[in-house]
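Me: I'd like to learn how to read a fold from its cores, contacts and pockets. Can you walk me through one?

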Amino acid sequence: MFETEIMEFEAIDLVGYKHQGDYMNIGGVFEKLFIYGGSHGLLNANTRSIGLYYGDPQSTPIDELQSMACVTASSDDIPADSDAPEAMQIPAGKYATLLFKGSYAELEKPYSWLVGQWLPQSGHEAADFPPFEEYLNDPKETPPSELLTRIHCKLV
């Protein structure tokens, strides 16, 4: 069981790169994004790291899973070049959110609970927007058992 809150969000501007395949391999795409962002002045103390996940890994073949590694930034901040990340936006609205502490490899547990137990019993319905994760600490400096990930699910 995970403590779940309902929060209202303003729209969040993002830039990111797409990833196809095993969600556990998105780290390399984040590395590419941080290298690009660092060399183009996109990163600062307020930058947030966000991953969007478009398919259910329980029912989608691994090679068909699609995700996106993102950081908060405006599309106005992106120079026009062939390596530039794609701009997108998380829409404003109501979201169910929960905080998970632990290894990224264990994120399946809070997702299963959120979608399989909390959502059906909550009286709310998921909107047609992918769930996303906000990574609250640096996996290079934090032991896996201490990683903090906030999971968000847009509600109708």
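**Cores, contacts and a pocket**

Reply: Sure, let's begin with the core. The largest nonpolar core here contains 28 residues, and those with the most contacts inside it are Val15, Ile26, Tyr53, Leu98, Leu114, Trp118 and Ile151. Keep in mind that this is a predicted model.

Me: Which elements give two or more residues to this core?

Reply: Look for both helices and strands in the list: β2 (12-20), α1 (27-39), β4 (66-72), β6 (93-101), α2 (108-122) and β8 (148-154). The top contributor is α2, with five residues. There is also a second, separate core of twelve residues, with Cys70, Ile90, Tyr95 and Phe129 among them.

Me: What does Tyr53 touch, leaving out residues up to four places away in sequence?

Reply: Skipping those neighbours leaves the contacts made across the chain. For Tyr53 these are Tyr23, Ile26, Gln66, Ser67, Tyr111, Pro130, Pro131, Glu133 and Tyr135.

Me: Now a residue in a strand: is Thr149 buried or exposed?

Reply: Check the relative accessible area, with under 20% as the cut-off for buried. Thr149 lies in strand β8, and its relative accessible area is 0%, so Thr149 counts as buried. Beyond four places in sequence, Thr149 touches Leu98, Leu99, Phe100, Tyr104, Leu107, Glu133, Glu134 and Tyr135.

Me: And where does Ala127 lie?

Reply: Place a loop residue by the elements on either side of it. Ala127 belongs to the loop between α2 and β7 (132-135). With neighbours within four places in sequence set aside, Ala127 is in contact with Lys154, Leu155 and Val156. For a sense of distance, compare sequence with space: Ala127 and Tyr23 are 104 residues apart in sequence and 21 Å apart in space, C-alpha to C-alpha.

Me: On to pockets. What is the volume of the largest pocket, and which lining residues are closest to its centre?

Reply: Start with volume, then go to the lining. The largest pocket has a volume of about 1300 Å³. It is lined by 44 residues, of which Tyr53, Leu107, Tyr111, Glu133 and Tyr135 are the closest to its centre. Two or more lining residues come from each of α1, β3 (49-53), α2 and β7.

Me: Which element gives the largest share of that lining, and how does the lining split by class?

Reply: That would be α2, which supplies six residues to the lining of the largest pocket. Sorted by class, the lining has 27 nonpolar, eight polar and nine charged residues.

Terms used. Residues are numbered from 1 along each chain as its sequence is written. This is a predicted model: local features need pLDDT of at least 70, side-chain atom pairs count only at pLDDT 80 or more; totals for chains, interfaces and linings use all residues. Side-chain values use heavy atoms; hydrogens and water are left out. A nonpolar core is a set of buried Ala, Val, Leu, Ile, Met, Phe, Trp, Tyr and Cys residues joined through side-chain atoms within 4.5 Å. Buried means under 20% relative accessible area, exposed over 50%, partly exposed in between (1.4 Å probe, protein chains only). Helices (H or I, at least four residues) and strands (E, at least two) are DSSP runs, numbered from the N terminus. Contact means heavy atoms within 4.5 Å. On a 1 Å grid over the protein atoms alone, a cavity is a set of points where a 1.4 Å probe fits but cannot get out, and a pocket is an open set with protein on both sides within 12 Å along at least five of seven lines; lining residues have an atom within 4 Å of a point. Grid points are joined across faces, edges and corners, and a volume is the space filled by probe spheres set on the points. Ala, Val, Leu, Ile, Met, Phe, Trp, Tyr, Cys and Pro count as nonpolar, Asp, Glu, Lys and Arg as charged, and the others, Gly among them, as polar.
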